[in-house]
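Let's take a walk through this model together, from its surface to its interior. Keep the structure open beside you as you read.

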Amino acid sequence: METKIKRSVATLLAHIIKIDNRDIEKEAPLFCRLMGEDFNCDPKEAEAFLKQTMQEEYDIDEHLAIINDALCDDKLSKMHLLEQVNHIIYSDTITPKDYEEFEKIKEALFSC
């Protein structure tokens, strides 16, 4: 289950990078740091998650559901995850689409 959650969190964070067409090389250090802090991902594993997510199709709602199920009663962890999403958003130019996506993520995480 831990691997499934790790993949879903990686997909969520990479999703923010992908929807804004951000420079992967520029965003990779922050992404890898965030994944390393909370999931003990070494930089190579985290970068592989990032590159894989950037190239594949995924259902973000499915990944949000996995995260929400795993953290249903853990509001502190959910807030921490939102903080990480915010770090990714603020690492580059912020757009109205970023705010919309943040609100969508927040609603999905706190629907439990």
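Which residues make a nonpolar surface patch of about 320 Å²? The patch is made by Tyr90, Ile94 and Tyr99. Of these, Tyr99 is found in helix 6. Please bear in mind throughout that what you are looking at is a predicted model.

From the surface, let's turn inward. The largest nonpolar core has 32 residues. If you would like a few landmarks to colour, pick those with the most contacts inside this core: Val9, Leu12, Leu13, Phe31, Met35, Val85 and Ile105. Each of six helices supplies at least two residues of the core, namely helix 1 (2-19), helix 2 (24-39), helix 3 (43-55), helix 4 (60-70), helix 5 (75-90) and helix 6 (96-109). The largest share comes from helix 1, with eight residues.

Leu13 is a good place to stop and look around. Leaving aside residues up to four places away in sequence, Leu13 touches Phe31, Leu34, Met35, Gln84, Val85 and Ile88.

Several of those neighbours bring us to helix 2, where Glu27, Ala28, Leu30, Phe31, Cys32, Leu34, Met35 and Phe39 are buried. An α-helix has 3.6 residues a turn, so residues three or four places apart point the same way. With that in mind, have a look at the spacing of the buried positions. Their cover includes helix 1, helix 3 and helix 5.

One name in that buried set deserves a closer look: Glu27, which lies in helix 2. Its relative accessible area is 1%, under the 20% cut-off, so Glu27 counts as buried. Beyond residues up to four places away in sequence, Glu27 touches Ile17, Arg22, Ile88, Ser91 and Asp92.

Both ends of this helix are worth a visit too. Asp23 caps the N-terminal end of helix 2, with a side-chain oxygen 3.0 Å from the backbone nitrogen of Glu25. Just after helix 2, Asn40 takes a positive phi of about 50 degrees.

Our final stop is Leu81, in helix 5. Buried or exposed? Leu81 is buried, because its relative accessible area of 4% falls under 20%. Not counting residues up to four places away in sequence, Leu81 touches Val9, Leu12, Ile67 and Leu109. Val9 and Leu12 will be familiar from the residues with the most contacts inside the core. To finish, try tracing from Leu81 to Lys106: they are 25 residues apart in sequence, and their C-alpha atoms are 9.6 Å apart in space.

Conventions:
Residues are numbered from 1 along each chain as its sequence is written. This is a predicted model: local features need pLDDT of at least 70, side-chain atom pairs count only at pLDDT 80 or more; totals for chains, interfaces and linings use all residues. Side-chain values use heavy atoms; hydrogens and water are left out. A nonpolar core is a set of buried Ala, Val, Leu, Ile, Met, Phe, Trp, Tyr and Cys residues joined through side-chain atoms within 4.5 Å. Buried means under 20% relative accessible area, exposed over 50%, partly exposed in between (1.4 Å probe, protein chains only). Helices (H or I, at least four residues) and strands (E, at least two) are DSSP runs, numbered from the N terminus. Contact means heavy atoms within 4.5 Å. Patches are made of residues with over 30% relative accessible area and no salt bridge: like charges are joined within 9 Å, nonpolar side chains (Val, Leu, Ile, Met, Phe, Trp, Tyr) within 5 Å. Accessible areas come from the Shrake-Rupley method with a 1.4 Å probe; for residues, only the protein chains shown count as cover. A salt bridge is a side-chain nitrogen of Lys or Arg within 4 Å of a carboxyl oxygen of Asp or Glu. A polar contact is a pair of N or O atoms within 3.5 Å; within protein, one must be able to donate a hydrogen and the other to accept it, and residues adjacent in sequence count only if both atoms are side-chain atoms.
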